[in-house]
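Colleague: Could you please take a close look at one part of this model, the place where the ligands are bound, and describe it for a first-year student?

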Amino acid sequence: MALRPTIRFASLDDQPQSGTVLVLAGEGATLSDAAKASDPSGVLTRAAEIAEFEGKLASTVDVIAPEGASVDRLVAIGTGKADKLDEIAWSRIGGVAMAVARRSTEIAVIADVPEHAVSAVDVANLAQGVLLRSYTFDKYKTKKSDDAENKPADKAATITVHCADPAAAEEAFKAAQAVADGVMLARDLVNEPANMLGPIEFADKIKALGELGVDVEILTETEMTKLGMGALLGVAQGSSRPPRLAIMRWNGGAEGEQPVAFIGKGVVFDSGGISIKPAGGMEDMKGDMGGAAAVTGLMHALAARKAKANVIGIVGLVENMLDGNAQRPGDIVTSMSGQTIEVLNTDAEGRLVLCDALWYAKETYKPRFMVNLATLTGAIMVALGQHHAGLFSNNDELSERLTAAGLVTAEKLWRMPLGPEYDKLIDSKNADMKNIGGRFGGAITAAQFLQRFVGDTPWAHLDIAGTAMGSPATDISQSWASGFGVRLLDRLVRDNYEA
Ligand code: BES
Ligand code: MN
Ligand code: ZN
């Protein structure tokens, strides 16, 4: 990760005297009095007129301060219509601020707009956007690049956000920062190449959550064998690196209160196994642990902001490889549930990992609900592209809550169907089920497979194959790995399950 910017909060009365100064401009490029005070010569106002800057959300106008001014640069960032300034808008404004000030080390943001009383939470969301945009994955770059966005910084920036109530902003920022840290942890895990991050290394990163008060338990191969996790172990048997099942418990809620559970697919590399994938683009399969990364990032966020809820995170960590000992097409494995599975395609491995993790979660914790996340199918990308993750669920209330959380965080979900017509497509001649359906509806038959392991527990499956990696760049993410799911699920918990 790049050098993290330091974020501070100051009063609006306290005018910045040096560095880059960013002001916010409402629709029509209107400036607040505080913003005007930052542009005594009027050079920014003039530039805005000449550039026909209209104050549209996330648009900018940028000038070098004139001779004699104490500051170096002046930038106006548009905030759009005052009544549309929601959480996403504020984080986007922060992201744009970070981007335009990328080469500066001393940055001041005047968080004041006409016709909108900027709250402490607005300021915290802006600061969260700054952090998320500042993320780059450059730990393996030894040479400097001219590409501003990817340039390894040699000096961390200090960003001072001037606002109406700095103390309240500082307080609100604690939670926003906890969540940003969770998102960046998830991005780091997904970006990390598989030679550096196998199941054991991933489990070690999870153990580090112990410092935040998360109770961590790591199951080894021997323990999983005792539990009868034949489906997960079948996937792992072709790799020289042994699997792990990591369990994270955050007990921030009332004692004895039934927990909620999040389960992630953690295939550290998916070669496809004996049903090997084509070479082109196979490197992307280092990100096939995006579900596990989101669960880990979420647990970090919840613990760091001391969420008042009891939450379980479980991730199945395996590598899907080819080997003399690898699982073969046609093999029949017995899952922990006792149900048998005919493995017709070793590349449909995610569901084999998740079915044992879901069953274990359900049996061990009797959760209020289970939400699993997985980069499960290419078919979901065909169906939804990269702007919605697929949502499959046996419970309307849970679906609605997830969908609502997706809209406020811009981590959008689209509900897909489940039903007996699809379920029967995975019946097998030789076992209780097979691990692939037919040619059609591949994301749905994968979800049907998972549903056979959740019983009556309210459950949702998020297929994040299109959203967790290779993600389109946004104002708050320029990274190949987006960290999708962390902000969404933090919001789900915050809005519905905290005391
Ligand atoms: N990890 C892949 C799905 C995937 C593909 C994620 C592309 C992200 C980008 C998964 O394990 C897989 O290989 N799925 C197969 C299933 C098929 C064999 C039924 C697929 O989607 O082709
Ligand atoms: Mn696969
Ligand atoms: Zn996979």
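Modeller: A definition is needed before the metals are described: six donors count as octahedral if opposite donors are over 155 degrees apart and all others between 65 and 115, and an arrangement that meets none of the set patterns is irregular. Donors are N, O and S atoms within 2.8 Å of the metal, and water is not among the atoms, so sites may look incomplete. The model is a predicted one.

The manganese ion (ligand 2) takes its protein donors from Asp270 (OD), Asp347 (O), Asp347 (OD) and Glu349 (OE), at 2.1 to 2.2 Å. The angles among its six donor atoms run from 71 to 166°, and the site of the manganese ion is irregular. Along the chain, the donors of this ion follow the spacing D-x76-D-x1-E.

The zinc ion (ligand 3) has Lys265 (NZ), Asp270 (OD), Asp288 (OD) and Glu349 (OE) as its protein donors, lying 2.0 to 2.4 Å from the ion. The arrangement around the zinc ion is octahedral because its six donor atoms subtend angles of 78 to 176°. The spacing of the zinc donors along the chain is K-x4-D-x17-D-x60-E. The two ions lie 3.1 Å apart, and Asp270 bridges them.

Ligand 1 brings some of these residues into view again. The ligand sits in the largest pocket, where 17 residues surround it, the closest being Lys277, Asp288, Asp347, Glu349 and Gly378. By class, this shell holds six nonpolar, four polar and seven charged residues.

Several polar contacts can be described for ligand 1. One of its oxygen atoms is 2.8 Å from an N or O atom in the side chain of Glu349, and an oxygen atom of the ligand is 2.9 Å from an N or O atom in the side chain of Asp270. A nitrogen atom of ligand 1 is 3.4 Å from a polar backbone atom of Thr375. Taken alone, the ligand exposes 520 Å², of which the protein buries 76%.

Technical notes
Residues numbered from 1 in each chain as written. Chains lettered and ligands numbered in written order. Predicted model: local features only at pLDDT ≥ 70, side-chain atom pairs only at ≥ 80, totals over all residues. Heavy atoms only, no water. Near = heavy atom within 4 Å. Polar contact = N/O pair within 3.5 Å; in protein donor to acceptor, adjacent residues only side chain to side chain. Areas by Shrake-Rupley, 256 points an atom, 1.4 Å probe, with all protein chains shown as cover. 1 Å grid on protein atoms, 1.4 Å probe; cavity = no way out; pocket = protein on both sides within 12 Å on 5 of 7 lines; lining within 4 Å. Sits in = over half its atoms within 2 Å of the grid points. Nonpolar A, V, L, I, M, F, W, Y, C, P; charged D, E, K, R; others polar. Donors = N, O, S within 2.8 Å, 3.2 Å for Na, K, Ca; no water. Tetrahedral: all angles 85-135°; square planar, octahedral: opposite > 155°, others 65-115°.
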